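Biologist: Could you take a close look at one part of this model for me, the place where the protein meets the DNA? I am new to this structure, so please go slowly and explain the terms as you use them.

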2 protein chains.
Amino acid sequence: MGKTALMKRYSRRDESDPARSCTENVELGGLADLIGYALKRTQLAVYQDFQRTFSDLNVRPVQYALISVIGCNPGLKQSQLGAALEIKRANIVSLLDELEERNLAIRSPVAADRRSYALHLTEKGMELLEKLQERSVEEEKRLASRIGQKGREQLLTLLREVRETADQLNQ
Amino acid sequence: MGKTALMKRYSRRDESDPARSCTENVELGGLADLIGYALKRTQLAVYQDFQRTFSDLNVRPVQYALISVIGCNPGLKQSQLGAALEIKRANIVSLLDELEERNLAIRSPVAADRRSYALHLTEKGMELLEKLQERSVEEEKRLASRIGQKGREQLLTLLREVRETADQLNQ
DNA sequence: TATTGTTATACTCTATAACTATA
DNA sequence: TATAGTTATAGAGTATAACAATA
């Protein structure tokens, strides 16, 4: 494609166009049809919904993820937690510090390997997880209210397949 | 759901379980079935693929977005660019500085409104956009290689619908 | 008064290197 | 030597407040 073709394709508007002053008329230049961009924008909108839904519990998405995995795998090590969530072990440290300071989780020494800690939720942590789970189910219903349960399952399948494809390319 | 039910649901494993030492056996506690988490993980994988694909051109996703929108809307203002991409105007500044330093885009004074600048791609910017577009088409094909063209369109539709749903909830 | 671009700032997420104590 | 956790640090992305110039 030569420059002339590019100009024709991309110069649909110019500063002389009165519509220029209207934000809604800004073209995204095909961005909206890219999987990566659609993923980012949708993820951001869903993330904002999460923040709104969980702000009174003072829980960010990453904290929800930690609590959920620790709750489901009591006794696991930090390195395992990080591997499961694809979070570098260096970045797990301060996240767990936060949970410990809030008395939601604890690090316990492991007799068999004194380098590592076994992670558990506290009573308070388990109670919070229960609340988070319940609210998460409601949030999920709201998010899927337009696409329906079938659409939701299709979406999860497509996302998993695209992720696996990208992971293979990234190997 | 009481604590006992929660324990039953979440304590499938314990530190006494020998499988504990195997990372693959860490349960995500339903995380994998949440739209938000699936979005995040897929977006991360696709983002990494983008970085790999465009690293030789030294272009990050956000830079691709800027170049694409400026190329498609020559003469638009920074505030319009930011509104179209949902980037705060304060954060647009340094991104545009980068593009100007690399001689990919320029800020031109606007006679009608001396507060704002009209944005244009340079020749070099237009040439880069052309390369980016071509490579983007290939990347899109690779990402959709498993789900197919039909799956890709389904995915984009579902993502748009979920985003619109979340945006409504966030209003 | 409101808007455009700018600066300063801060917080989160992510990534790497180097350190310690254990294995 | 290798591994688990830690610390320090740096780069991005995102958010707000305040400012100057202009409308």
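Modeller: An N or O atom in the side chain of Arg60(B) lies 2.7 Å from a phosphate oxygen of DNA strand D, a polar contact being a pair of N or O atoms within 3.5 Å. A polar side-chain atom of Arg107(A) is likewise placed 2.9 Å from a phosphate oxygen of DNA strand D, while the side chain of Arg115(A) brings an N or O atom to 2.6 Å from a base oxygen of that strand. The elements giving two or more residues to this surface are helix H4 (78-85) and H5 of chain A, together with H5 of chain B; helices are DSSP runs of H or I with at least four residues, numbered from the N terminus. This is a predicted model, in which local features need pLDDT of at least 70 and side-chain atom pairs count only at pLDDT 80 or more, whereas totals for chains, interfaces and linings use all residues. Residues are numbered from 1 along each chain as its sequence is written, chains are lettered from A and ligands numbered from 1 in the order in which they are written, and side-chain values use heavy atoms, with hydrogens and water left out. In total, 20 residues surround DNA strand D, and Gln78(A), Ser79(A), Arg115(A), Arg60(B) and Asn91(B) are the closest, where a residue is near a strand if one of its heavy atoms lies within 4 Å of it. Of the atoms of DNA strand D within 4 Å of the protein, sugar or phosphate supplies 60% and bases the rest.

Definitions and conventions
Polar contact = N/O pair within 3.5 Å; in protein donor to acceptor, adjacent residues only side chain to side chain.
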